Amino acid sequence: MANGGPVRHGFPHLDTVRASITALYRRLSYDGVRTFAASVAPADVAFCDTDDLYPGAQRVAREMVRHYRLPDARLIVGFREMSHAANVELTAGPEYFVELNDRFRAHRRDIGAALAHEVTHVYLHRLGLSFPGTRDNEILTDTVAAYLGAGWLLLDAYREDGVSSQKLGYLTPEEFGYVLAKRALVFAEDPSVWFTSPQAYTAYGEGMARARHDGREPPLTAAGWTGRRRYARDRHRARDRGEGGELPGASYAFVPPGPGPLRVSFPCPVCGQRIRVPVRGRVRARCGLCRTVLECDT
């Protein structure tokens, strides 16, 4: 939790964020992800300073449990002094003890954001989905929270001006915007209408620009002139010189011709799963993980 200190910006964790989306699709499947088409509604997690602290926190926690379809999970919410925003004990359940930072006693509208992250921890614990290392696992948690419809609260908790700042979660504001934009493009949902933080709008806009860029990378037909020209040069080198493998600065990679034709692999712009197709001009590829149909010019 950045509280009054500098807030990191940009996309420093983008590779881990993309890997998190892929891992989520692999664990839940396309159908499982689609069950989260509706985000947490603002009215269901609204918390004003006049609400009773403990009953209000329990109410919001129950809403998060309902969103993640954890009917047998019971969250006990408490408050104490700590450096982090919150903490949850990941036990066998059904009771989970969540501790929130004491500052939320006076900043109650952000309790939903803190609980969104912690209940996502419980959800991933139940799924058995995790990444090695604390940093990557926390990035996975933030990404899943945002992609499954609860994490817009984490971006909305980001506020920054000339004298103070607040940010919850491990992703940067722009990375939260990126994941929310990825979700928005899949479910045709605009989370920005729920934002109360002016800075959240800006971060979401930058994230959306990056998310749309993923759909304009070669060999997709939506790629721009510059990308298409570079792709043609790399294809020529791979075909005539037998060169393949990773290419610096490119998301695609050529597989040198062997028993079959030259092929190119590239990440699905929706779920990140790598797709491999033959290099033979216009082709239509279907991602086996998220079922997205992609128009390609290989």
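**Entry 1: a hairpin**

How many residues lie between β11 and β12 in their hairpin? I looked this up in the predicted model and found six residues between the two strands. In the turn, R291 has a positive phi of about 70°. I then checked the pairing: strand β11 (residues 282-286) and strand β12 (residues 293-297) run antiparallel, and five bridges join them. One pair I could pick out is R286, which stands opposite V293 in β12.

Next I followed the side chains along β12. L294 and C296 point to one face and are buried. V293, E295 and D297 point to the other face and are not buried. My course notes put it this way: in a regular strand, side chains alternate between the two faces of the sheet.

**Entry 2: a sheet of three strands**

I moved on to an open sheet. Which order do its strands take? I read β2-β4-β3, with mixed pairing. The edge strands are β2 (74-80) and β3 (86-88), and each of them pairs on one side only. On average, neighbouring strands here are turned by 20° against each other, direction ignored.

I then looked at helix α3 (residues 111-127), which packs on this sheet and touches β2, β3 and β4. The direction of α3 makes about 145° with that of β4.

Back in the sheet, I found that β2 and β4 (residues 95-101) pair in the parallel sense, over seven bridges. R74 has E95 in β4 as its bridge partner. V77 stands opposite V98 in β4.

Are the side chains of L75, V77 and F79 in β2 buried or not? They point to one face and are buried. R74, I76, G78 and R80 point to the other face and are not.

**Entry 3: helix α3**

I checked the length of α3 with a small sum. At 1.5 Å a residue, its 17 residues should span 24 Å, and the end C-alpha atoms are 24 Å apart, which agrees. The helix is mostly covered, with 15 of its 17 residues buried. After α3 comes G128, whose phi is positive, near 75°.

I picked I111 in this helix for a visit. Its relative accessibility is 0%, so I111 counts as buried. What does I111 touch, leaving aside neighbours within four places in sequence? I listed F47, L53, A57, F79, L100 and F104. L53 is 58 residues away from I111 along the chain, yet their C-alpha atoms are separated by 9.9 Å.

**Entry 4: helix α4**

The same sum worked for α4 (residues 134-147). Its 14 residues should span 20 Å at 1.5 Å a residue, and the end C-alpha atoms are 20 Å apart, which agrees. This helix is mostly covered too: eleven of its 14 residues are buried. Among the buried ones I noted N137, I139, L140, V144 and Y147. The buried residues of α4 pack against α1 (14-34), α3, α5 (152-156) and α6 (173-187). Just after the helix, G149 takes a positive phi of about 100°.

**Entry 5: where α3 meets α4**

How do α3 and α4 cross? Their axes come within 9 Å and cross at roughly 105°. Angles of 65 to 115 degrees count as roughly perpendicular, so α3 and α4 are roughly perpendicular to each other.

Which residues make the contact? From α3 I wrote down A116, H117, T120, H121 and L124. From α4 I wrote down E138, L140, T141, D142, V144 and A145. These residues divide into five nonpolar, four polar and two charged.

I remembered a rule that is handy when reading such lists: an α-helix has 3.6 residues a turn, so residues three or four places apart point the same way.

Last, I zoomed in on T141, which is found in helix α4. Is T141 buried or exposed? At 0% relative accessibility, T141 counts as buried. Setting aside neighbours within four places in sequence, T141 is in contact with H117, T120, H121 and L124. I had already met those four names on the α3 side of the contact.

Key
Residues are numbered from 1 along each chain as its sequence is written. This is a predicted model: local features need pLDDT of at least 70, side-chain atom pairs count only at pLDDT 80 or more; totals for chains, interfaces and linings use all residues. Side-chain values use heavy atoms; hydrogens and water are left out. Two strands pair if DSSP finds at least two bridges between them. Axes are lines fitted to C-alpha atoms, for helices over the stretch in contact, and angles run from 0 to 180 degrees between N-to-C directions. Contact means heavy atoms within 4.5 Å. Angles under 35 degrees count as roughly parallel, over 145 as roughly antiparallel, 65 to 115 as roughly perpendicular and the rest as oblique. Ala, Val, Leu, Ile, Met, Phe, Trp, Tyr, Cys and Pro count as nonpolar, Asp, Glu, Lys and Arg as charged, and the others, Gly among them, as polar. The expected span of a helix is 1.5 Å times one less than its number of residues. Buried means under 20% relative accessible area, exposed over 50%, partly exposed in between (1.4 Å probe, protein chains only).
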